[in-house]
Amino acid sequence: KPADAPEKKQPVRIVTREGYVQSTLNIQSPTPYVLEHVETGKVINYLFLNHPKLPLKLLRGRRILVTGEEAIDPRWLDTPVLKVQTLKTLDDADDTEETQDK
């Protein structure tokens with residue numbers, strides 16, 4: 001092993017996911033909103049979006065396509081957190097598309 005290669009830092013993982021935005025009922029979860037699988041309803045990711053004009057509560061129940069950095073919160077090893085970079089609604093309520101810089 002090279003001595004100068006740090007092992008703690010995981011590589012940035014950029015993913016695209018599709019699903020429904022829902023509130024989480026657990027107050028200890030990493031974020032208040034989750035992305036649920038379109039067909040199974042299973043939680044795919046916790047969603048983290050820091051956007052002043054688009055709070056996730058406005059998208060609750062909506063079907064979205066989201067791209068961002070996926071990481072594991074050490075307290076929630078089974079469900080990754082997704083830091084949203086781009087978001088597009090896929091339902092027909094309206095065609096909102098928002099992009100967030102890192």
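Which residues is E70 in contact with, leaving aside its neighbours within four places in sequence? Select E70 and display its surroundings: the contacts are R13, V15, R17, N45, P80, V81 and L82. The model on screen is a predicted one.

**Stop 1: E70**

E70 belongs to strand β4. Its relative accessibility is 10%, which is under 20%, so E70 counts as buried. Now show side chains around E70. A salt bridge joins E70 to R13, with 2.9 Å from N to O. This pair links distant parts of the chain, since R13 sits in strand β1 and E70 in strand β4, 57 residues apart. Colour the two by accessibility: R13, at 46%, counts as partly exposed, whereas E70, at 10%, counts as buried.

Add R17 to the selection. The side chains of E70 and R17 make a polar contact at 3.0 Å. R13, R17 and E70 are linked in a network of salt bridges. Then add N45, whose side chain makes a polar contact with the side chain of E70 at 2.8 Å.

**Stop 2: the strands on either side of β4**

Switch to a cartoon view and select β1 (13-23) and β4 (63-73). The two strands run antiparallel and are joined by eight bridges. To find one position in this pairing, pick E18; its bridge partner in β4 is L65.

Next add β5, residues 76-89. β4 and β5 are also antiparallel, with nine bridges between them. These strands form a hairpin, and two residues lie between them. At this hairpin, select D73, which stands opposite W76 in β5.

Keep D73 and add R75. The two form a salt bridge, with the closest N and O atoms 3.0 Å apart. What is the burial state of each partner, buried or exposed? R75 counts as exposed, at 61% relative accessibility. D73 counts as buried, at 13%.

**Stop 3: W76 and Y46**

Keep W76 and add Y46, then show both rings. Their centres are 5.7 Å apart and their planes stand at 70°, which is over 60 degrees, so the pair is edge-to-face. The model has one aromatic pair in total. Y46 lies in strand β3 and W76 in strand β5, so the pair ties together parts that are 30 residues apart in sequence. Y46 has 7% relative accessibility and therefore counts as buried.

**Stop 4: the nonpolar core**

From Y46, move along to L47. L47 is among the residues with the most contacts inside the largest nonpolar core, together with I64 and L87. This core has 15 residues. The elements that each give two or more residues to it are β1, β2 (33-36), β3 (43-48), β4 and β5. Which element gives the most to this core? It is β5, with three residues.

Centre the view on L47 and display its contacts. Not counting residues up to four places away in sequence, L47 touches V21, T31, Y33, V34, L35, L56, I64, L82 and V84.

**Stop 5: K83**

Select K83, which lies in strand β5. K83 has 36% relative accessibility, so this residue counts as partly exposed. Its contacts, apart from neighbours within four places in sequence, are F48, T67, G68 and E69. Draw a C-alpha to C-alpha distance from K83 to F48: the value is 4.8 Å, while the two are 35 residues apart in sequence.

**Stop 6: D91 and R62**

Finish with D91 and R62. These residues form a salt bridge in which the closest N and O atoms are 2.8 Å apart. Where do the partners sit? D91 is in the loop between β5 and β6 (97-99), and R62 is in the loop between β3 and β4. The pair links distant parts of the chain, 29 residues apart. R62 counts as buried because its relative accessibility is 15%, under the 20% limit. The total for the model is five salt bridges, including D91 with R62, R75 with D73 and R13 with E70.

Terms used. Residues are numbered from 1 along each chain as its sequence is written. This is a predicted model: local features need pLDDT of at least 70, side-chain atom pairs count only at pLDDT 80 or more; totals for chains, interfaces and linings use all residues. Side-chain values use heavy atoms; hydrogens and water are left out. Helices (H or I, at least four residues) and strands (E, at least two) are DSSP runs, numbered from the N terminus. Buried means under 20% relative accessible area, exposed over 50%, partly exposed in between (1.4 Å probe, protein chains only). Contact means heavy atoms within 4.5 Å. A nonpolar core is a set of buried Ala, Val, Leu, Ile, Met, Phe, Trp, Tyr and Cys residues joined through side-chain atoms within 4.5 Å. Rings of Phe, Tyr and Trp (its six-membered ring) pair if their centres lie within 6.5 Å; planes under 30 degrees apart count as stacked, over 60 as edge-to-face and the rest as tilted. A salt bridge is a side-chain nitrogen of Lys or Arg within 4 Å of a carboxyl oxygen of Asp or Glu. A polar contact is a pair of N or O atoms within 3.5 Å; within protein, one must be able to donate a hydrogen and the other to accept it, and residues adjacent in sequence count only if both atoms are side-chain atoms. Two strands pair if DSSP finds at least two bridges between them.
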